[in-house]
Amino acid sequence: MRYSQYFVPTVKETPSDAEVISHQLMLRAGMIRKLAAGVYNYLPMGLRSIRKVENIVREEMNRAGAIEILMPTVQPAELWQESGRWEFYGKELLRFKDRKEAEFCLGPTHEEVVTDLVRREVKSYRQMPLNLYQIQGKFRDEIRPRFGLMRGREFIMKDAYSFDVDSAAADLSYDKMYQAYRRIFERCGLNFRAVEADTGSIGGTSSHEFMVLAESGEDAIVSCSCCQYAANIEKAEVRPVAPAEHAEPRPLEKVATPEKRTIEEVAAFLHVPHSSMAKCLIFVADGEPVVVLVRGDYELNEIKLKNLLGCTELEMAPDSVVENVTGAPVGFAGPVGLKVRIIADFSVQGMKNFVTGGNEKDIHLKNVNLERDFRVERFADLRNVVPGDACPRCEEGRMEMWRGIEVGHVFKLGTKYSEALKATYLDAEGKERIIFMGCYGIGVSRTVAACIEQNYDGNGIIWPIPIAPFHCIVSALNYKEEAVAQASDAIYEELAAAGVEVILDDRDERPGFKFKDADLIGIPLRIVVGAKNLAEGKVELKHRKSGEVELLSVNEAVAKVRALVVAALK
(Lines give C-alpha, C1' and ligand atoms only; values in the text may rest on other atoms or scores of the structure.)
Protein backbone atom coordinates (compact mmCIF):
# COMPACT_ATOMS: atom_id res chain seq x y z
CA MET A 1 0.00 0.00 0.00
CA ARG A 2 1.32 3.44 -0.95
CA TYR A 3 0.60 6.25 1.48
CA SER A 4 -0.01 8.72 -1.35
CA GLN A 5 -2.91 6.56 -2.55
CA TYR A 6 -4.33 5.74 0.88
CA PHE A 7 -6.93 7.56 2.98
CA VAL A 8 -5.28 8.72 6.22
CA PRO A 9 -6.62 12.16 7.19
CA THR A 10 -4.33 12.90 10.15
CA VAL A 11 -4.85 16.00 12.31
CA LYS A 12 -2.08 17.81 14.17
CA GLU A 13 -4.24 19.53 16.80
CA THR A 14 -6.14 17.67 19.50
CA PRO A 15 -9.93 17.95 18.90
CA SER A 16 -11.59 19.93 21.68
CA ASP A 17 -14.43 17.44 22.23
CA ALA A 18 -12.12 14.44 22.74
CA GLU A 19 -11.55 13.76 26.44
CA VAL A 20 -9.57 10.53 26.71
CA ILE A 21 -6.31 9.60 24.99
CA SER A 22 -7.74 6.89 22.73
CA HIS A 23 -10.45 9.24 21.43
CA GLN A 24 -7.94 12.02 20.84
CA LEU A 25 -5.40 9.83 19.09
CA MET A 26 -7.87 7.90 16.95
CA LEU A 27 -9.27 11.18 15.66
CA ARG A 28 -5.83 12.70 15.14
CA ALA A 29 -4.48 9.55 13.46
CA GLY A 30 -7.37 9.51 10.98
CA MET A 31 -8.82 6.25 12.30
CA ILE A 32 -12.38 7.33 13.12
CA ARG A 33 -14.73 10.24 12.41
CA LYS A 34 -17.88 11.10 14.36
CA LEU A 35 -21.23 10.82 12.59
CA ALA A 36 -23.54 11.38 15.59
CA ALA A 37 -23.27 11.14 19.37
CA GLY A 38 -21.65 7.78 20.09
CA VAL A 39 -21.72 6.75 16.41
CA TYR A 40 -18.52 6.70 14.32
CA ASN A 41 -17.25 6.00 10.83
CA TYR A 42 -14.30 3.59 10.89
CA LEU A 43 -11.63 4.85 8.48
CA PRO A 44 -9.03 2.54 6.86
CA MET A 45 -6.34 2.67 9.59
CA GLY A 46 -8.86 2.15 12.37
CA LEU A 47 -10.70 -0.58 10.49
CA ARG A 48 -7.47 -2.50 9.87
CA SER A 49 -6.79 -2.71 13.62
CA ILE A 50 -10.39 -3.70 14.31
CA ARG A 51 -10.17 -6.45 11.70
CA LYS A 52 -6.94 -7.69 13.33
CA VAL A 53 -8.75 -8.08 16.65
CA GLU A 54 -11.68 -9.75 14.89
CA ASN A 55 -9.36 -12.26 13.23
CA ILE A 56 -7.66 -13.15 16.53
CA VAL A 57 -11.07 -13.54 18.16
CA ARG A 58 -12.34 -15.68 15.30
CA GLU A 59 -9.28 -17.94 15.34
CA GLU A 60 -9.49 -18.55 19.09
CA MET A 61 -13.24 -19.04 19.09
CA ASN A 62 -12.95 -21.60 16.31
CA ARG A 63 -10.06 -23.26 18.15
CA ALA A 64 -12.28 -23.57 21.25
CA GLY A 65 -15.00 -25.30 19.23
CA ALA A 66 -17.40 -22.39 18.72
CA ILE A 67 -19.26 -22.07 15.42
CA GLU A 68 -19.78 -18.74 13.68
CA ILE A 69 -23.25 -17.56 12.65
CA LEU A 70 -24.79 -14.13 11.99
CA MET A 71 -28.06 -13.00 13.57
CA PRO A 72 -30.26 -10.01 12.70
CA THR A 73 -29.62 -6.61 14.24
CA VAL A 74 -33.38 -5.93 14.34
CA GLN A 75 -35.19 -8.03 16.94
CA PRO A 76 -38.95 -8.45 17.58
CA ALA A 77 -40.35 -7.21 20.88
CA GLU A 78 -42.12 -10.52 21.53
CA LEU A 79 -38.86 -12.31 22.28
CA TRP A 80 -37.80 -9.67 24.80
CA GLN A 81 -41.25 -9.70 26.37
CA GLU A 82 -41.05 -13.48 26.61
CA SER A 83 -37.73 -13.29 28.47
CA GLY A 84 -39.00 -10.47 30.71
CA ARG A 85 -36.36 -7.98 29.59
CA TRP A 86 -38.46 -5.67 27.39
CA GLU A 87 -39.10 -3.32 30.31
CA PHE A 88 -36.25 -4.42 32.61
CA TYR A 89 -33.45 -3.55 30.16
CA GLY A 90 -34.34 0.14 30.33
CA LYS A 91 -33.90 3.05 27.96
CA GLU A 92 -30.65 1.70 26.51
CA LEU A 93 -32.88 -0.57 24.43
CA LEU A 94 -33.75 1.41 21.29
CA ARG A 95 -37.35 0.51 20.48
CA PHE A 96 -39.30 1.31 17.31
CA LYS A 97 -42.31 0.20 15.27
CA ASP A 98 -42.49 -0.91 11.66
CA ARG A 99 -45.15 0.19 9.17
CA LYS A 100 -47.52 -2.47 10.56
CA GLU A 101 -47.12 -1.09 14.09
CA ALA A 102 -45.23 -4.19 15.20
CA GLU A 103 -42.64 -3.40 17.90
CA PHE A 104 -38.95 -4.07 17.42
CA CYS A 105 -35.62 -3.07 18.92
CA LEU A 106 -32.03 -2.71 17.75
CA GLY A 107 -30.09 -5.55 19.34
CA PRO A 108 -27.79 -4.59 22.19
CA THR A 109 -27.17 -8.31 22.76
CA HIS A 110 -28.65 -11.54 21.39
CA GLU A 111 -29.59 -13.91 24.24
CA GLU A 112 -33.24 -13.97 23.20
CA VAL A 113 -32.60 -14.41 19.49
CA VAL A 114 -30.08 -17.23 19.85
CA THR A 115 -32.22 -19.03 22.45
CA ASP A 116 -35.18 -18.84 20.07
CA LEU A 117 -33.00 -20.26 17.29
CA VAL A 118 -31.79 -23.16 19.44
CA ARG A 119 -35.20 -24.05 20.86
CA ARG A 120 -36.44 -24.48 17.29
CA GLU A 121 -33.49 -26.57 16.11
CA VAL A 122 -32.00 -28.46 19.07
CA LYS A 123 -34.18 -31.35 20.24
CA SER A 124 -31.80 -33.97 21.62
CA TYR A 125 -28.91 -34.24 24.06
CA ARG A 126 -26.90 -35.59 21.12
CA GLN A 127 -26.85 -32.07 19.58
CA MET A 128 -24.95 -30.60 22.52
CA PRO A 129 -22.59 -29.16 23.62
CA LEU A 130 -23.16 -26.34 21.15
CA ASN A 131 -21.49 -22.93 21.08
CA LEU A 132 -22.62 -20.33 18.53
CA TYR A 133 -20.95 -16.94 18.05
CA GLN A 134 -21.07 -13.90 15.84
CA ILE A 135 -19.08 -10.70 15.25
CA GLN A 136 -21.57 -7.94 14.62
CA GLY A 137 -22.56 -4.34 15.23
CA LYS A 138 -24.62 -3.63 18.35
CA PHE A 139 -26.57 -0.58 19.50
CA ARG A 140 -27.17 0.56 23.06
CA ASP A 141 -28.72 3.97 23.58
CA GLU A 142 -26.24 5.16 26.22
CA ILE A 143 -27.50 8.15 28.20
CA ARG A 144 -24.06 9.80 27.96
CA PRO A 145 -22.05 8.41 25.05
CA ARG A 146 -18.49 9.61 25.46
CA PHE A 147 -14.81 8.78 25.09
CA GLY A 148 -15.04 7.78 21.43
CA LEU A 149 -15.08 4.00 20.99
CA MET A 150 -14.77 3.46 24.73
CA ARG A 151 -18.44 4.18 25.37
CA GLY A 152 -20.27 4.58 22.10
CA ARG A 153 -23.85 3.79 21.24
CA GLU A 154 -22.99 1.73 18.18
CA PHE A 155 -20.08 -0.67 18.49
CA ILE A 156 -18.64 -3.93 17.17
CA MET A 157 -18.96 -6.93 19.46
CA LYS A 158 -18.27 -10.64 19.46
CA ASP A 159 -21.01 -12.47 21.32
CA ALA A 160 -21.10 -16.22 21.86
CA TYR A 161 -23.67 -18.49 23.49
CA SER A 162 -23.14 -22.03 24.78
CA PHE A 163 -25.82 -24.68 25.21
CA ASP A 164 -25.33 -27.74 27.43
CA VAL A 165 -27.28 -30.61 28.96
CA ASP A 166 -26.57 -29.73 32.59
CA SER A 167 -24.70 -27.44 34.97
CA ALA A 168 -21.49 -29.51 34.99
CA ALA A 169 -21.31 -29.51 31.20
CA ALA A 170 -22.03 -25.78 31.17
CA ASP A 171 -19.08 -25.25 33.54
CA LEU A 172 -16.80 -26.99 31.03
CA SER A 173 -18.04 -24.71 28.23
CA TYR A 174 -17.51 -21.69 30.46
CA ASP A 175 -13.93 -22.74 31.22
CA LYS A 176 -13.20 -23.21 27.50
CA MET A 177 -14.35 -19.66 26.82
CA TYR A 178 -12.45 -18.30 29.81
CA GLN A 179 -9.23 -19.84 28.52
CA ALA A 180 -9.96 -18.70 24.95
CA TYR A 181 -10.39 -15.13 26.21
CA ARG A 182 -7.05 -15.26 27.98
CA ARG A 183 -5.40 -16.35 24.72
CA ILE A 184 -7.20 -13.62 22.75
CA PHE A 185 -6.02 -10.77 24.94
CA GLU A 186 -2.52 -12.22 25.27
CA ARG A 187 -2.29 -12.40 21.47
CA CYS A 188 -3.47 -8.78 21.22
CA GLY A 189 -0.46 -7.80 23.34
CA LEU A 190 -2.53 -6.39 26.22
CA ASN A 191 -1.80 -6.18 29.93
CA PHE A 192 -5.05 -7.43 31.44
CA ARG A 193 -6.67 -9.09 34.43
CA ALA A 194 -9.59 -11.52 34.56
CA VAL A 195 -11.76 -10.52 37.54
CA GLU A 196 -14.92 -11.82 39.18
CA ALA A 197 -17.87 -9.58 38.34
CA ASP A 198 -21.56 -8.94 38.91
CA THR A 199 -23.88 -10.33 36.23
CA GLY A 200 -25.86 -7.08 35.83
CA SER A 201 -28.70 -6.89 33.28
CA ILE A 202 -27.51 -10.05 31.48
CA GLY A 203 -28.27 -12.15 34.56
CA GLY A 204 -27.03 -15.60 35.46
CA THR A 205 -25.17 -17.15 38.36
CA SER A 206 -21.60 -15.86 38.00
CA SER A 207 -19.28 -14.07 35.61
CA HIS A 208 -15.76 -12.80 34.94
CA GLU A 209 -14.73 -9.53 33.33
CA PHE A 210 -11.53 -9.14 31.35
CA MET A 211 -9.99 -5.79 32.20
CA VAL A 212 -7.23 -3.97 30.35
CA LEU A 213 -5.19 -2.18 33.01
CA ALA A 214 -4.98 1.56 32.35
CA GLU A 215 -5.02 4.66 34.54
CA SER A 216 -7.86 6.07 32.45
CA GLY A 217 -10.07 3.04 33.14
CA GLU A 218 -13.60 3.76 34.33
CA ASP A 219 -13.72 0.63 36.49
CA ALA A 220 -11.96 0.00 39.77
CA ILE A 221 -10.68 -3.54 40.22
CA VAL A 222 -8.89 -5.22 43.10
CA SER A 223 -6.54 -8.18 43.31
CA CYS A 224 -4.76 -10.07 46.04
CA SER A 225 -1.06 -9.46 46.61
CA CYS A 226 -0.48 -13.19 47.18
CA CYS A 227 -3.08 -15.38 45.45
CA GLN A 228 -4.95 -15.25 42.12
CA TYR A 229 -8.12 -13.66 43.51
CA ALA A 230 -9.27 -10.58 41.55
CA ALA A 231 -12.66 -8.88 41.17
CA ASN A 232 -14.18 -5.62 40.09
CA ILE A 233 -15.22 -3.23 42.84
CA GLU A 234 -18.90 -4.15 42.41
CA LYS A 235 -18.22 -7.82 43.12
CA ALA A 236 -15.10 -7.80 45.31
CA GLU A 237 -15.70 -9.67 48.53
CA VAL A 238 -14.82 -8.48 52.02
CA ARG A 239 -13.87 -10.96 54.71
CA PRO A 240 -16.43 -10.93 57.56
CA VAL A 241 -15.37 -9.03 60.67
CA ALA A 242 -15.48 -10.83 63.97
CA PRO A 243 -17.93 -9.33 66.49
CA ALA A 244 -16.30 -6.74 68.72
CA GLU A 245 -14.64 -8.14 71.81
CA HIS A 246 -16.41 -7.52 75.05
CA ALA A 247 -16.01 -3.93 76.13
CA GLU A 248 -17.88 -2.03 78.78
CA PRO A 249 -20.72 -0.21 77.02
CA ARG A 250 -20.77 3.43 78.01
CA PRO A 251 -24.06 5.20 78.68
CA LEU A 252 -25.96 6.33 75.60
CA GLU A 253 -25.47 10.07 75.18
CA LYS A 254 -27.43 12.55 73.13
CA VAL A 255 -25.30 15.41 71.75
CA ALA A 256 -26.19 18.56 69.84
CA THR A 257 -24.68 18.76 66.35
CA PRO A 258 -26.15 21.97 64.89
CA GLU A 259 -26.29 21.80 61.07
CA LYS A 260 -23.75 18.95 61.07
CA ARG A 261 -25.08 16.25 58.75
CA THR A 262 -22.26 14.45 56.94
CA ILE A 263 -19.76 11.98 58.38
CA GLU A 264 -16.99 14.51 57.78
CA GLU A 265 -18.84 17.35 59.51
CA VAL A 266 -19.93 15.33 62.53
CA ALA A 267 -16.54 13.63 62.99
CA ALA A 268 -14.75 16.98 62.96
CA PHE A 269 -17.29 18.54 65.32
CA LEU A 270 -17.13 15.68 67.85
CA HIS A 271 -13.38 15.07 67.39
CA VAL A 272 -13.86 11.37 66.61
CA PRO A 273 -12.46 9.26 63.74
CA HIS A 274 -14.73 8.27 60.85
CA SER A 275 -14.23 4.63 61.85
CA SER A 276 -16.06 5.21 65.13
CA MET A 277 -19.21 6.36 63.34
CA ALA A 278 -21.93 4.36 61.58
CA LYS A 279 -23.62 5.67 58.45
CA CYS A 280 -27.36 5.12 58.50
CA LEU A 281 -28.65 5.01 54.93
CA ILE A 282 -32.29 4.65 53.99
CA PHE A 283 -33.34 3.01 50.74
CA VAL A 284 -36.59 2.08 49.07
CA ALA A 285 -36.49 -1.52 47.82
CA ASP A 286 -39.46 -2.46 45.63
CA GLY A 287 -41.52 0.18 47.39
CA GLU A 288 -40.52 -0.72 50.97
CA PRO A 289 -38.10 1.30 53.13
CA VAL A 290 -35.01 -0.44 54.50
CA VAL A 291 -32.27 0.93 56.75
CA VAL A 292 -28.66 0.02 55.97
CA LEU A 293 -25.68 0.57 58.30
CA VAL A 294 -22.03 0.73 57.31
CA ARG A 295 -18.96 1.97 59.17
CA GLY A 296 -18.33 5.65 58.60
CA ASP A 297 -15.02 5.30 56.78
CA TYR A 298 -16.42 2.83 54.22
CA GLU A 299 -18.66 3.23 51.17
CA LEU A 300 -21.81 1.19 50.67
CA ASN A 301 -21.90 -1.01 47.56
CA GLU A 302 -25.42 -0.67 46.18
CA ILE A 303 -25.08 -3.66 43.85
CA LYS A 304 -24.25 -5.93 46.77
CA LEU A 305 -27.22 -4.47 48.63
CA LYS A 306 -29.59 -5.02 45.71
CA ASN A 307 -28.39 -8.60 45.29
CA LEU A 308 -28.82 -9.28 49.01
CA LEU A 309 -32.36 -7.91 49.04
CA GLY A 310 -33.26 -9.66 45.77
CA CYS A 311 -35.25 -6.61 44.72
CA THR A 312 -36.01 -5.36 41.22
CA GLU A 313 -35.88 -1.64 42.07
CA LEU A 314 -33.56 -0.02 44.60
CA GLU A 315 -33.13 3.69 45.16
CA MET A 316 -32.10 6.10 47.86
CA ALA A 317 -35.18 7.14 49.81
CA PRO A 318 -36.49 10.62 48.99
CA ASP A 319 -36.54 13.24 51.77
CA SER A 320 -40.21 12.59 52.50
CA VAL A 321 -39.59 8.88 53.17
CA VAL A 322 -36.53 9.63 55.33
CA GLU A 323 -38.57 12.02 57.46
CA ASN A 324 -41.42 9.53 57.72
CA VAL A 325 -39.07 6.71 58.82
CA THR A 326 -36.90 8.74 61.24
CA GLY A 327 -39.06 11.70 62.22
CA ALA A 328 -36.13 13.97 61.38
CA PRO A 329 -34.68 15.84 58.38
CA VAL A 330 -32.10 14.20 56.14
CA GLY A 331 -28.67 13.99 57.78
CA PHE A 332 -29.70 12.87 61.27
CA ALA A 333 -30.84 9.27 60.70
CA GLY A 334 -29.80 6.56 63.14
CA PRO A 335 -30.91 3.00 63.92
CA VAL A 336 -32.03 3.55 67.53
CA GLY A 337 -35.80 3.47 67.89
CA LEU A 338 -36.62 2.76 64.24
CA LYS A 339 -39.53 0.45 63.41
CA VAL A 340 -38.36 -0.68 59.95
CA ARG A 341 -36.01 -3.55 59.01
CA ILE A 342 -32.34 -2.86 59.59
CA ILE A 343 -29.49 -4.65 57.86
CA ALA A 344 -25.81 -3.89 58.34
CA ASP A 345 -22.44 -4.42 56.79
CA PHE A 346 -20.06 -6.83 58.51
CA SER A 347 -17.94 -3.84 59.56
CA VAL A 348 -20.62 -2.77 62.04
CA GLN A 349 -20.19 -6.07 63.94
CA GLY A 350 -16.77 -4.90 65.06
CA MET A 351 -17.99 -1.60 66.52
CA LYS A 352 -18.56 -0.59 70.15
CA ASN A 353 -19.63 2.76 71.64
CA PHE A 354 -20.04 4.36 68.22
CA VAL A 355 -21.76 7.51 66.91
CA THR A 356 -24.92 7.60 64.79
CA GLY A 357 -27.69 10.03 63.98
CA GLY A 358 -30.24 10.69 66.72
CA ASN A 359 -33.41 10.85 64.57
CA GLU A 360 -33.87 14.45 65.71
CA LYS A 361 -32.83 17.64 63.98
CA ASP A 362 -29.29 18.69 64.98
CA ILE A 363 -28.88 15.63 67.24
CA HIS A 364 -26.49 12.67 67.15
CA LEU A 365 -26.01 9.81 69.62
CA LYS A 366 -22.71 8.75 71.20
CA ASN A 367 -21.89 5.36 72.73
CA VAL A 368 -24.39 3.43 70.63
CA ASN A 369 -24.10 -0.36 70.94
CA LEU A 370 -25.60 -3.32 69.12
CA GLU A 371 -28.25 -5.37 70.91
CA ARG A 372 -28.57 -2.95 73.82
CA ASP A 373 -29.77 -0.02 71.71
CA PHE A 374 -31.06 -1.64 68.50
CA ARG A 375 -31.13 -4.95 66.66
CA VAL A 376 -29.96 -5.85 63.17
CA GLU A 377 -32.00 -8.27 61.09
CA ARG A 378 -28.98 -9.44 59.11
CA PHE A 379 -25.26 -8.76 58.68
CA ALA A 380 -23.72 -9.11 55.22
CA ASP A 381 -20.87 -7.97 52.96
CA LEU A 382 -22.26 -4.64 51.78
CA ARG A 383 -19.29 -2.32 51.36
CA ASN A 384 -16.65 -1.55 48.77
CA VAL A 385 -13.23 -3.10 49.22
CA VAL A 386 -10.40 -0.68 50.04
CA PRO A 387 -6.65 -1.16 49.51
CA GLY A 388 -5.12 -3.12 52.37
CA ASP A 389 -8.23 -5.19 53.15
CA ALA A 390 -7.53 -8.84 53.95
CA CYS A 391 -7.98 -11.18 51.00
CA PRO A 392 -11.23 -13.20 51.30
CA ARG A 393 -9.58 -16.28 49.78
CA CYS A 394 -6.15 -16.59 51.40
CA GLU A 395 -4.64 -15.81 54.80
CA GLU A 396 -1.58 -13.78 53.81
CA GLY A 397 -2.76 -11.52 50.99
CA ARG A 398 -3.89 -7.91 51.05
CA MET A 399 -6.04 -6.24 48.45
CA GLU A 400 -4.45 -3.96 45.85
CA MET A 401 -6.45 -1.59 43.64
CA TRP A 402 -6.14 -0.88 39.91
CA ARG A 403 -8.02 0.95 37.19
CA GLY A 404 -9.33 -1.11 34.29
CA ILE A 405 -11.25 -1.00 31.03
CA GLU A 406 -13.70 -3.84 30.49
CA VAL A 407 -13.10 -5.46 27.10
CA GLY A 408 -14.63 -8.90 27.66
CA HIS A 409 -17.22 -10.57 29.88
CA VAL A 410 -18.15 -14.23 30.32
CA PHE A 411 -21.37 -15.31 32.07
CA LYS A 412 -22.80 -18.53 33.47
CA LEU A 413 -26.43 -18.02 32.57
CA GLY A 414 -27.79 -21.32 33.81
CA THR A 415 -31.44 -21.63 32.78
CA LYS A 416 -32.39 -17.93 32.99
CA TYR A 417 -33.24 -17.62 29.28
CA SER A 418 -33.83 -21.24 28.33
CA GLU A 419 -36.49 -21.58 31.02
CA ALA A 420 -38.20 -18.31 30.11
CA LEU A 421 -38.22 -19.17 26.40
CA LYS A 422 -38.86 -22.90 26.98
CA ALA A 423 -35.68 -24.13 25.29
CA THR A 424 -35.67 -27.84 26.13
CA TYR A 425 -34.21 -31.12 24.89
CA LEU A 426 -34.85 -34.83 25.35
CA ASP A 427 -32.27 -36.71 27.43
CA ALA A 428 -31.09 -40.29 26.91
CA GLU A 429 -34.24 -41.60 28.67
CA GLY A 430 -36.53 -39.44 26.54
CA LYS A 431 -37.29 -37.01 29.36
CA GLU A 432 -37.64 -33.30 28.63
CA ARG A 433 -34.92 -31.15 30.25
CA ILE A 434 -34.08 -27.45 30.32
CA ILE A 435 -30.95 -26.43 28.41
CA PHE A 436 -28.12 -24.81 30.40
CA MET A 437 -26.56 -21.72 28.84
CA GLY A 438 -23.55 -19.44 29.00
CA CYS A 439 -22.83 -16.21 27.12
CA TYR A 440 -19.53 -14.58 26.26
CA GLY A 441 -18.91 -11.06 24.91
CA ILE A 442 -15.89 -9.13 23.64
CA GLY A 443 -16.05 -5.47 22.71
CA VAL A 444 -13.97 -5.61 19.54
CA SER A 445 -13.94 -1.88 18.80
CA ARG A 446 -13.48 -1.09 22.50
CA THR A 447 -10.50 -3.46 22.66
CA VAL A 448 -8.77 -1.33 20.02
CA ALA A 449 -9.45 1.85 22.02
CA ALA A 450 -8.38 0.19 25.28
CA CYS A 451 -5.11 -0.88 23.68
CA ILE A 452 -4.36 2.76 22.87
CA GLU A 453 -5.16 3.80 26.46
CA GLN A 454 -2.44 1.39 27.53
CA ASN A 455 0.06 2.07 24.73
CA TYR A 456 0.88 5.66 23.82
CA ASP A 457 3.36 8.47 24.41
CA GLY A 458 3.60 12.18 23.67
CA ASN A 459 4.01 11.51 19.94
CA GLY A 460 1.04 9.20 19.44
CA ILE A 461 -0.04 5.58 19.52
CA ILE A 462 2.34 2.66 20.18
CA TRP A 463 0.64 -0.38 18.68
CA PRO A 464 1.55 -3.94 19.65
CA ILE A 465 2.55 -5.63 16.39
CA PRO A 466 -0.39 -8.13 16.33
CA ILE A 467 -3.10 -5.45 16.05
CA ALA A 468 -1.19 -2.56 14.43
CA PRO A 469 -2.82 -1.33 11.21
CA PHE A 470 0.52 -2.04 9.48
CA HIS A 471 3.57 -3.80 10.88
CA CYS A 472 6.08 -1.56 9.17
CA ILE A 473 6.27 1.74 7.33
CA VAL A 474 8.96 2.48 4.75
CA SER A 475 9.64 6.23 4.89
CA ALA A 476 11.25 7.37 1.65
CA LEU A 477 13.12 10.66 2.10
CA ASN A 478 12.70 12.52 -1.20
CA TYR A 479 11.01 9.80 -3.22
CA LYS A 480 11.72 11.83 -6.37
CA GLU A 481 15.34 10.72 -6.22
CA GLU A 482 15.69 7.60 -8.37
CA ALA A 483 18.00 5.73 -5.98
CA VAL A 484 15.72 6.38 -3.02
CA ALA A 485 12.63 5.35 -4.97
CA GLN A 486 14.22 2.14 -6.27
CA ALA A 487 15.51 1.11 -2.84
CA SER A 488 12.21 1.99 -1.13
CA ASP A 489 10.19 0.05 -3.70
CA ALA A 490 12.49 -2.97 -3.39
CA ILE A 491 12.27 -3.01 0.41
CA TYR A 492 8.50 -2.57 0.27
CA GLU A 493 8.05 -5.42 -2.20
CA GLU A 494 10.41 -7.75 -0.34
CA LEU A 495 8.65 -7.16 2.99
CA ALA A 496 5.22 -7.64 1.42
CA ALA A 497 6.38 -10.88 -0.21
CA ALA A 498 7.61 -12.07 3.22
CA GLY A 499 4.14 -11.57 4.71
CA VAL A 500 4.88 -8.28 6.47
CA GLU A 501 2.04 -5.77 6.28
CA VAL A 502 3.84 -2.69 5.04
CA ILE A 503 2.95 0.78 3.82
CA LEU A 504 5.30 2.89 1.71
CA ASP A 505 5.31 6.61 2.51
CA ASP A 506 6.04 7.97 -0.97
CA ARG A 507 4.53 11.41 -0.33
CA ASP A 508 6.29 14.59 -1.37
CA GLU A 509 6.63 15.86 2.20
CA ARG A 510 9.44 16.88 4.53
CA PRO A 511 11.09 14.06 6.55
CA GLY A 512 9.90 15.50 9.87
CA PHE A 513 6.32 15.63 8.61
CA LYS A 514 6.45 11.96 7.60
CA PHE A 515 8.04 10.90 10.88
CA LYS A 516 5.40 12.70 12.93
CA ASP A 517 2.62 10.95 11.01
CA ALA A 518 4.29 7.55 11.44
CA ASP A 519 4.67 8.10 15.20
CA LEU A 520 1.12 9.44 15.53
CA ILE A 521 -0.40 6.42 13.77
CA GLY A 522 1.84 4.21 15.87
CA ILE A 523 3.26 1.80 13.29
CA PRO A 524 5.66 -0.42 15.28
CA LEU A 525 8.62 -0.51 12.87
CA ARG A 526 9.94 2.17 10.52
CA ILE A 527 12.59 1.79 7.83
CA VAL A 528 13.94 5.16 6.74
CA VAL A 529 15.44 5.26 3.25
CA GLY A 530 17.60 8.33 2.52
CA ALA A 531 20.22 9.16 -0.08
CA LYS A 532 22.97 9.78 2.48
CA ASN A 533 22.72 6.37 4.17
CA LEU A 534 22.03 4.59 0.87
CA ALA A 535 25.37 5.82 -0.41
CA GLU A 536 26.91 3.59 2.25
CA GLY A 537 24.48 0.75 1.59
CA LYS A 538 22.54 1.43 4.78
CA VAL A 539 19.00 2.23 5.92
CA GLU A 540 17.69 3.22 9.33
CA LEU A 541 15.40 0.93 11.36
CA LYS A 542 13.49 2.61 14.19
CA HIS A 543 11.46 0.77 16.86
CA ARG A 544 8.38 2.82 17.78
CA LYS A 545 8.05 1.47 21.32
CA SER A 546 11.64 1.77 22.54
CA GLY A 547 12.77 4.55 20.24
CA GLU A 548 15.86 2.46 19.41
CA VAL A 549 17.47 3.30 16.05
CA GLU A 550 19.68 0.88 14.13
CA LEU A 551 21.75 1.52 10.99
CA LEU A 552 21.60 -1.68 8.93
CA SER A 553 22.13 -2.92 5.44
CA VAL A 554 19.00 -3.29 3.36
CA ASN A 555 19.07 -7.08 3.68
CA GLU A 556 19.66 -6.89 7.43
CA ALA A 557 16.78 -4.44 7.91
CA VAL A 558 14.36 -6.58 5.91
CA ALA A 559 15.41 -9.74 7.72
CA LYS A 560 15.12 -8.12 11.14
CA VAL A 561 11.67 -6.67 10.46
CA ARG A 562 10.45 -10.02 9.21
CA ALA A 563 11.86 -11.82 12.27
CA LEU A 564 10.29 -9.32 14.69
CA VAL A 565 6.89 -9.64 13.04
CA VAL A 566 7.00 -13.44 12.93
CA ALA A 567 7.97 -13.57 16.62
CA ALA A 568 5.16 -11.19 17.61
CA LEU A 569 2.52 -13.14 15.71
CA LYS A 570 3.36 -16.58 17.16
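Student: Which residues touch the most other members of the largest nonpolar core?

Tutor: This is a predicted model. In general, nonpolar side chains in soluble globular proteins tend to be buried together. The largest nonpolar core here has 63 residues, and those touching the most other members are Tyr-181, Phe-185, Phe-210 and Trp-463.

Student: Which helix gives the most to this core?

Tutor: The contribution of this helix is seven residues. The helix spans residues 167-187 and is α6.

Student: Which residues is Tyr-181 in contact with, leaving aside its neighbours within four places in sequence?

Tutor: Contact here means heavy atoms within 4.5 Å. With those neighbours left aside, Tyr-181 is in contact with Met-61, Lys-158, Phe-210, Gly-408, His-409, Val-410, Tyr-440, Gly-441 and Ile-442.

Student: How many residues are in the other core, which lies apart from it?

Tutor: Members of this other core include Ile-465, Ile-527, Leu-541 and Ala-557. The number of residues in that core is 25.

Student: Where on helix α9 do the buried residues fall?

Tutor: Helix α9 covers residues 319-326, and Val-322, Val-325 and Thr-326 are buried in it. Seen down the axis of α9, these buried residues fall within an arc of 80°, so they line one face of the helix.

Student: Which exposed residues does the face of α9 turned away from its buried side carry, and which strands do the buried residues pack against?

Tutor: The face turned away from the buried side of α9 carries the exposed residues Ser-320 and Asn-324. The buried residues of α9 pack against β14 (278-285) and β15 (288-295).

Student: What phi does Gly-327 take?

Tutor: Gly-327 comes just after α9. Its phi is positive, at about 80°.

Student: Which side chain makes a polar contact with the side chain of Tyr-479?

Tutor: Tyr-479 is found in the loop between β27 (472-476) and α13 (482-497). Leaving aside neighbours within four places in sequence, its contacts include Val-484, Leu-504 and Arg-2. The polar contact, at 2.8 Å, is with the side chain of Arg-2.

Student: Is Arg-85 buried or exposed?

Tutor: Arg-85 is found in helix α4 (residues 85-88). Buried means under 20% relative accessible area. Arg-85 has 1% relative accessibility, so Arg-85 counts as buried.

Student: Which side chains do polar contacts join to that of Arg-85?

Tutor: One polar contact, of 2.7 Å, joins the side chains of Arg-85 and Glu-112. Another, of 3.1 Å, joins the side chain of Arg-85 to that of Tyr-417. The names asked for are Glu-112 and Tyr-417.

Notes: Residues numbered from 1 in each chain as written. Predicted model: local features only at pLDDT ≥ 70, side-chain atom pairs only at ≥ 80, totals over all residues. Heavy atoms only, no water. Core = buried A, V, L, I, M, F, W, Y, C linked by side-chain atoms within 4.5 Å. Buried < 20%, exposed > 50% of the residue type's maximum accessible area, 1.4 Å probe, protein only. Helix = DSSP H or I, 4+ residues; strand = E, 2+ residues; numbered from the N terminus. Arc of directions from axis to C-beta. Polar contact = N/O pair within 3.5 Å; in protein donor to acceptor, adjacent residues only side chain to side chain.
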